[in-house]
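Q: Hi, I have just opened this one and would like a walk through it. Could you take me through what is there?
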There are 2 protein chains.
Amino acid sequence: MSVLNRINAKLDGMAPGDRQIGQYILDNPDQMLRLSTAALAAEIGRSQSSVVKFSQKLGYASYQELKLAVSEARAKDWQVPAGVIHGSIEVGDDYPVILRKLVGSKLLSMQQTVASNDEQHIGKALAALDRARRIHLAGVGASSLVARDFSYKLMKLGRNVLHDSDSHVQMANASALGAGDVLFALSYSGASIETLRVAELARARGATVIAVTGLHDNPLSRVADIRLHTVADEEKARSSSITARDAQLTLTDLLFILLVQSQPDANEYVHNSEVAVSVLKA
Amino acid sequence: MSVLNRINAKLDGMAPGDRQIGQYILDNPDQMLRLSTAALAAEIGRSQSSVVKFSQKLGYASYQELKLAVSEARAKDWQVPAGVIHGSIEVGDDYPVILRKLVGSKLLSMQQTVASNDEQHIGKALAALDRARRIHLAGVGASSLVARDFSYKLMKLGRNVLHDSDSHVQMANASALGAGDVLFALSYSGASIETLRVAELARARGATVIAVTGLHDNPLSRVADIRLHTVADEEKARSSSITARDAQLTLTDLLFILLVQSQPDANEYVHNSEVAVSVLKA
DNA sequence: TCGGGGTTGGAATAATTTATTCCTCTTGCC
DNA sequence: GGCAAGAGGAATAAATTATTCCAACCCCGA
């Protein structure tokens with residue numbers, strides 16, 4: 001995961017001074033690369049030592065290491081395809097600008113989501129899902145829709161899946177889980193009480209808990225055995241969590257495709273389900 | 001041109017000492033990024049000052065600048081097969097390729113979907129939704145999830161919305177529609193019998209029918225007053241309609257955002273709903 | 001309200017790194 | 001041989017970075 005994402009995720013939990021430094025780096029990564037600790041400190045009116053300490057708190061051995069990481073993150077930024085704009089949608093924007101920004105922010109969250117989950121973690125989640133006797137999906141609100149979408153796909157592969165949008169039913173079902181079962185819990189905030197309680201119960205019953213949450217520190221991911229992450233733009237009010245949902249879908253789609261790749265008879269299952277449904281087409 | 005190429009090109013014309021430094025950087029660019037001038041000099045048995053002079057002879061203001069350039073060159077190397085790939089996912093594809101193809105095909109369907117609905121048609125749909133006394137959403141299977149997602153968003157704006165995933169309930173509700181109501185029907189194939197029947201009934205009762213279907217000729221769009229289109233990759237078996245769903249979401253997200261833009265108090269509504277939900281957060 | 005433990009963050013300073021200066025040595029040329 | 005020019009290193013100045021120490025500021029619990 002890129003430093004910039006890491007900084008962004010930790011920003012809220014930082015002390016004011018550190019937050020200021022982090023914000024400056026996020027806002028001006030290219031300038032930062034050319035600034036000494038003292039110069040950066042001067043830019044934001046803080047002490048030189050606080051910048052050094054900031055680097056160390058992020059886990060880098062030195063300020064130079066932090067710079068190296070930022071430089072790498074900058075260079076590895078995906079190049080933006082033509083016609084796509086990254087930026088939040090403003091009141092005055094006209095139709096073509098809105099189109100581009102919408103597609104742009106969706107793209108960004110998808111890219112950052114796939115980039116923030118390394119192959120190992122995805123692999124662990126995959127192995128757990130593959131071995132699972134039963135898979136129980138938890139989530140409320142928009143996350144429940146993603147859970148249901150994922151459940152449909154898993155069912156097409158012949159898996160044993162459970163999901164109900166009612167959180168009382170989720171809770172009741174979780175009480176029947178045990179070792180060998182998997183709970184797949186979705187919540188961007190990681191703080192939805194219902195989902196959290198379901199995860200805690202599942203964990204206590206011995207099931208493997210996979211949590212899909214934002215990058216920030218949150219209760220749900222602390223409960224989980226396997227942590228997966230979604231990246232969405234933070235301005236939720238205006239977008240009504242569009243990108244958070246897209247990020248979740250990107251992740252579940254990815255897991256589904258990898259399951260298909262690893263399951264030899266997957267295409268047959270999927271094909272049979274298509275044929276079955278086609279009876280209901282005009 | 002990258003620094004490494006520049007160094008390589010000039011190598012022959014350099015003095016022995018400089019050549020040695022240049023060669024070392026070419027051979028060990030990643031190590032070099034973590035070495036000080038003195039450490040680099042020690043590696044090759046030269047003086048610290050010669051390293052500084054080397055940087056300056058290459059035209060960089062400082063050794064740090066040279067490092068920055070090398071870092072950038074390195075990172076760019078990594079992303080040679082960079083960015084987005086358009087193409088269907090094959091059995092032999094490895095993880096990074098799958099990631100890029102997944103994001104690529106999602107992006108493609110989003111771009112093509114926004115491109116294939118011109119502003120006039122979107123505007124008509126918007127006007128109909130805006131005027132509607134009640135909005136009834138129809139769809140089965142994955143389309144039902146999109147319908148529900150859209151219904152949640154419309155409700156946040158204080159609209160009068162109806163959706164149930166059960167097609168019998170949808171049919172029953174459609175029978176209560178009349179002039180001034182809108183039926184918003186989603187079906188990528190445009191051939192799902194249940195959705196089609198609901199649309200026919202709604203039309204007969206005088207409601208305005210908005211159909212969201214693929215670009216091909218299909219029964220549902222023939223019934224509709226207003227036709228909107230989604231573009232998805234056709235290889236549905238393997239992808240299990242991932243892009244069809246993404247296209248539908250892109251379209252409904254777009255309509256939602258445009259409604260927000262046109263409704264002065266929209267942000268207030270959305271904000272209130274966020275606040276209400278936050279009571280259920282840990 | 002009063003300590004006490006923990007955190008934040010800056011000043012001072014130590015340590016390290018970088019840049020410059022200055023000198024010697026070599027080489028090529030007349 | 002004498003001279004100019006550049007290579008290259010030692011010494012040193014300048015800068016940058018890292019650490020230490022300390023004051024101020026919470027939070028808590030008593």
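A: One place to begin is Ser47(A), where an N or O atom of the side chain is 3.0 Å from a phosphate oxygen of DNA strand C; such a polar contact is a pair of N or O atoms within 3.5 Å, and within protein one must be able to donate a hydrogen and the other to accept it, while residues adjacent in sequence count only if both atoms are side-chain atoms.

Q: Before we go on, what should I know about the model and the labels?
A: This is a predicted model, in which local features need pLDDT of at least 70 and side-chain atom pairs count only at pLDDT 80 or more, whereas totals for chains, interfaces and linings use all residues. Residues are numbered from 1 along each chain as its sequence is written, chains are lettered from A and ligands numbered from 1 in the order in which they are written, and side-chain values use heavy atoms, with hydrogens and water left out.

Q: OK, back to the DNA: which polar side-chain atoms lie 3.2 Å from a phosphate oxygen of strand C?
A: One belongs to Arg46(A), and another belongs to Gln64(B).

Q: And how many residues surround that strand?
A: There are 19, and the closest are Lys53(A), Thr37(B), Gln48(B), Gln56(B) and Ser62(B), where a residue is near a strand if one of its heavy atoms lies within 4 Å of it. They divide into 4 nonpolar, 11 polar and 4 charged, with Ala, Val, Leu, Ile, Met, Phe, Trp, Tyr, Cys and Pro counted as nonpolar, Asp, Glu, Lys and Arg as charged, and the others, Gly among them, as polar.

Q: Which helix gives the most there?
A: H5(B) does, with 5 residues; helices here are DSSP runs (H or I, at least four residues), numbered from the N terminus.

Q: Switching topic, how many residues does each chain put into the contact between A and B?
A: Chain B gives 70 and chain A gives 71, contact meaning heavy atoms within 4.5 Å.

Q: How many salt bridges are counted between them?
A: The count is 8, each being a side-chain nitrogen of Lys or Arg within 4 Å of a carboxyl oxygen of Asp or Glu. One of them joins Asp253(B) to Arg245(A), whose closest N and O atoms are 2.5 Å apart. As for the side of chain B that touches chain A, its residues divide into 33 nonpolar, 15 polar and 22 charged.

Terms used: Helices (H or I, at least four residues) and strands (E, at least two) are DSSP runs, numbered from the N terminus.
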